[in-house]
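User: I am new to this structure and would like to learn how to read it step by step. Could we begin with the way its parts meet, and then turn to the finer detail?

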Amino acid sequence: MAREISLTVNGTEHELSVEPRTLLINVLRDELDYTGPNVGCESSMCGACTVHLDGEAVKSCTLLAVQADGAEVTTVEGLADDGEFHPIQQGFQEEHGLQCGYCTPGMMMTATELLERNPDPSEEEIREALEGNLCRCTGYQNIVRAVENAAEKMQERPAVADGGGD
Ligand code: FES
Ligand code: FES
């Protein structure tokens, strides 16, 4: 029996009716047309389907859509800000962090979560964070460089004023 759920994806709220067995990745791709997250292994191994769920990187092929009811979801389409690439997207571009690109959306979502909680990760920390994301093409070196590049860019960003002082 279908369940009513609400999902906010990249800032847009969606009300949906889903079967309890429906996976989050299928709702995102097939019903809402967010085709950035990819389907690879469908068994939590490859990370191609990674999105953020309330700020946490999750593999959307192993999460039921009903488990995401009421949550904020961010897909790779939500990274750019007003047409300007997110630093992680710039990093992948500048460091040639992709070849076929199939793993890239998931890599970016895992990497941005890492940079949110650890703005200056070591190479080892980056490799550890990306352990659950597989790439068949690049050999990973340029992906690690892309994340380092993004970390530098994010640290150089001017601090956002908190609006408190007169
Ligand atoms: S498709 Fe989800 S982890 Fe591979
Ligand atoms: S760029 Fe092809 S799988 Fe990673």
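**Reading the domains and the sheet**

Analyst: In this predicted model, 18 residues of domain 1 are in contact with 13 residues of domain 2. The domain assignment of the chain places domain 1 at residues 3–78 and domain 2 at 87–156, and the C-alpha centres of the two lie 21 Å apart.

User: How much area do domain 1 and domain 2 bury between them?

Analyst: The size of an interface is often given as the accessible area lost when the parts come together. Here domain 1 and domain 2 bury about 1,100 Å² between them, with 56% of that area on carbon and sulfur atoms. On the side of domain 1 that touches domain 2, strands β3 and β4 each supply at least two residues.

User: How many salt bridges and how many residue pairs in polar contact are there between domain 1 and domain 2?

Analyst: The rule finds 0 salt bridges across the interface of domain 1 and domain 2, while the count of residue pairs in polar contact between these domains, with both residues at pLDDT 80 or more, is 8.

User: Where, then, should I look for a salt bridge, and what does it join?

Analyst: The structure holds 3 salt bridges, and one of them is formed by Glu94 with Lys153, whose closest N and O atoms are 2.7 Å apart. Because Glu94 lies in helix α2 (residues 87–94) and Lys153 in helix α5 (residues 141–156), the pair ties together parts that are 59 residues apart in sequence.

User: In what order do the strands of the sheet stand?

Analyst: In a regular strand the side chains alternate between the two faces of the sheet. In this structure, 5 strands form an open sheet with mixed pairing, and their order is β2-β1-β5-β3-β4. Strands β2 (12–18) and β4 (56–59) stand at the edges and have a single partner strand each, which means that one side of each is left without a neighbour in the sheet. On average, and with direction ignored, neighbouring strands of this sheet are turned by 40° against each other.

User: In what sense do β1 and β2 pair, and what about β3 and β4?

Analyst: Strand β1 (residues 3–9) pairs with β2 in the antiparallel sense over 7 bridges, and Arg3 stands opposite Val18 in β2. Strands β3 and β4 also pair in the antiparallel sense, over 4 bridges, and the bridge partner of Leu53 is Glu56 in β4. The hairpin of β3 and β4 has 2 residues between the strands, and in this hairpin Asp54 takes a positive phi near 50°.

User: Which strands does helix α1 lie across, and which does helix α3 touch?

Analyst: Helix α1 (residues 24–31) lies across β1, β2, β3 (50–53) and β5 (72–74), running at about 110° to β2. Helix α3 (residues 104–117) packs on the sheet and touches β3, β4 and β5, its direction making about 35° with that of β3.

Terms used:
Residues are numbered from 1 along each chain as its sequence is written. Chains are lettered from A and ligands numbered from 1 in the order in which they are written. This is a predicted model: local features need pLDDT of at least 70, side-chain atom pairs count only at pLDDT 80 or more; totals for chains, interfaces and linings use all residues. Side-chain values use heavy atoms; hydrogens and water are left out. Two strands pair if DSSP finds at least two bridges between them. Axes are lines fitted to C-alpha atoms, for helices over the stretch in contact, and angles run from 0 to 180 degrees between N-to-C directions. Contact means heavy atoms within 4.5 Å. Domain bounds come from an automatic or database domain assignment. Buried area is the accessible area (1.4 Å probe) that two parts lose on being put together, summed over both. A salt bridge is a side-chain nitrogen of Lys or Arg within 4 Å of a carboxyl oxygen of Asp or Glu. A polar contact is a pair of N or O atoms within 3.5 Å; within protein, one must be able to donate a hydrogen and the other to accept it, and residues adjacent in sequence count only if both atoms are side-chain atoms.
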